[in-house]
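Let's take a tour of a protein with a guest inside. Have a look at the sequence and the 3D view, then read on.

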Amino acid sequence: MTKLELAQDSSDLYTKSLTARKSGPLNGTARIPGDKSMSHRALMFGALAEGETMISGLLEGEDVFNTAGAMRAMGAKISKGDDGLWRCFGQGLGNLTEPDQILDMGNSGTSTRLLMGIVAGHPISACFTGDKSLVKRPMGRVITPLEQMGATFLGRAGGKLPLTMRGTNQAKAITYKLPVASAQVKSAIMLAGLNANGTTTVIEDHPTRDHSENMLRAFGVNVTVEKTDDSSDAISIAGGQRMIGCAVDVPADPSSAAFAVVAALINQGSQITLPRVGINPRRTGLYDTLVEMGASIIFENRKTEAGEPIANLMIMADSPLKGIDVPESRVPSMIDEFPILAVAASCAEGTTRMTGLAELRVKESDRLLMMATGLKACGVELEMGEDWLTIHGTGKPPKGGALIETALDHRIAMSFLVLGTATQEPVSIDDASPIKTSFPNFIELMTDLGATLGE
Ligand code: S3P
């Protein structure tokens, strides 16, 4: 029996405030849930393709369930078998049907933006809404290119949800240079391009995660990537190709693994193993950063599965971390990991400087502000600017002893619980429910490794 089972039934711990207490070294092996980005795409692409798509390792979190619900509402058959595999039956590209209810995407920006791309290439209307966090997030970044392709939108000021859109089966192919480094915007345009007349090209000068490109290829779609004169990537997709259902093996999510990794690193003497973690180089900026900070992270048994590199991660906390300057060019490959890096930096010796963080202001919460405010309350010395954060670590965890507002942001919630495993005084979060969007067994998994989490 684990410490948590002894303490209480864990399921209701996700519905209220939660406290992390000083835990000592973490030990053991933990199976991190499936990659969220890939899980969304596997369900969406399976619903667009002809025939059966079989998915192993799907993340069974709320965000992904919202994607499944939307694809079902547009005619796909999606279910989980007794064998634990998810199966998705689609009708082939261009054959989605109009949803007869509002699509409530909950907390999930990825579901919303990618689905807008999919709807843009179909002659159907759809209404999107979401929770209090999602309705604040900017949708103009996908609306602008999708309007150029022929979709029409009626939303709130600034293109925010709730909004209604209408797609077309006569979408125009476009060439579009991304104004922000965003895999969601890139993917939305590519997905609209699947059903457009001609070849759609997205140009990105800062490489973002390429799961859409890799997985579309697995579904039989020809996606090309060429270098432009200024060394940007031009990703092209011709409309009207066939998409055929396939088997998708989703690896463990490196963004979720990051919480266990940093928890181990800030509790000296920890030794943990995380099998089958995705190590796509466009996702592993945090790991490069932690290694530069002096972390012992070993990538064992590297291999490629379903077009994506994976490895077993072994983490040993044998010496304190050191502060560094994080290269700005690395930001897109660790865009979701700055909250947990800020926790690592708060326990490191010396100053960690993070720049180029403007996008953190428009995630599930204003992550820059939420981290700076919460870390200060825990006794961390730091400075924050419009798009940067500097943290002065003392080589020891800060004192803790604060109640943190999580603002419907799963990564803020988990980051502060991780911090609380190392601080002298407990750290509490006001609401653990957002954790279920991306890491539905976080409390159990962390407790099994030795973290002290509870009411
Ligand atoms: C995601 C892309 C990133 C990331 C998000 C998932 C994706 O968002 O923050 O959690 O699956 O494409 P942006 O594209 O807005 O940077």
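Start with the ligand: its surroundings are made up of S37, R41, T110, R113, A181, S182, A183, Q184, R209, I335, D336 and K363. Keep in mind that this is a predicted model.

What sort of residues make up that shell? Sorted by class, there are 3 nonpolar, 4 polar and 5 charged residues around the ligand. Three helices, α2 (36-48), α4 (109-120) and α6 (183-193), each chip in with at least two residues of the shell.

Now zoom in on some polar side-chain atoms and the ligand oxygen atoms they face.

| Residue | Distance from a polar side-chain atom to an oxygen atom of the ligand |
|---|---|
| S37 | 2.7 Å |
| R41 | 2.7 Å |
| S182 | 2.7 Å |

How much of the ligand does the protein bury? On its own the ligand would expose 390 Å², and 95% of that is buried by the protein. The space the ligand takes up is also the largest pocket.

Why does the ligand lie between two domains? Domain 1 (3-34 + 251-454) and domain 2 (36-249) both give residues to the shell, so the ligand sits between them.

Finally, here are two backbone details to look up in the 3D view. One is the peptide bond running from L161 to P162, which is cis, with an omega near -5°. You'll find P162 in strand β9, which covers residues 160-166. The other is A407: this residue isn't a glycine, yet it has a positive phi of about 50°. To spot A407, go to the loop between β22 (400-404) and α12 (410-420).

Key. Residues are numbered from 1 along each chain as its sequence is written. This is a predicted model: local features need pLDDT of at least 70, side-chain atom pairs count only at pLDDT 80 or more; totals for chains, interfaces and linings use all residues. Side-chain values use heavy atoms; hydrogens and water are left out. A residue is near a molecule or strand if one of its heavy atoms lies within 4 Å of it. A polar contact is a pair of N or O atoms within 3.5 Å; within protein, one must be able to donate a hydrogen and the other to accept it, and residues adjacent in sequence count only if both atoms are side-chain atoms. Accessible areas come from the Shrake-Rupley method with a 1.4 Å probe; for residues, only the protein chains shown count as cover. On a 1 Å grid over the protein atoms alone, a cavity is a set of points where a 1.4 Å probe fits but cannot get out, and a pocket is an open set with protein on both sides within 12 Å along at least five of seven lines; lining residues have an atom within 4 Å of a point. A molecule sits in a cavity or pocket if more than half of its atoms lie within 2 Å of its grid points. Helices (H or I, at least four residues) and strands (E, at least two) are DSSP runs, numbered from the N terminus. Ala, Val, Leu, Ile, Met, Phe, Trp, Tyr, Cys and Pro count as nonpolar, Asp, Glu, Lys and Arg as charged, and the others, Gly among them, as polar. Domain bounds come from an automatic or database domain assignment.
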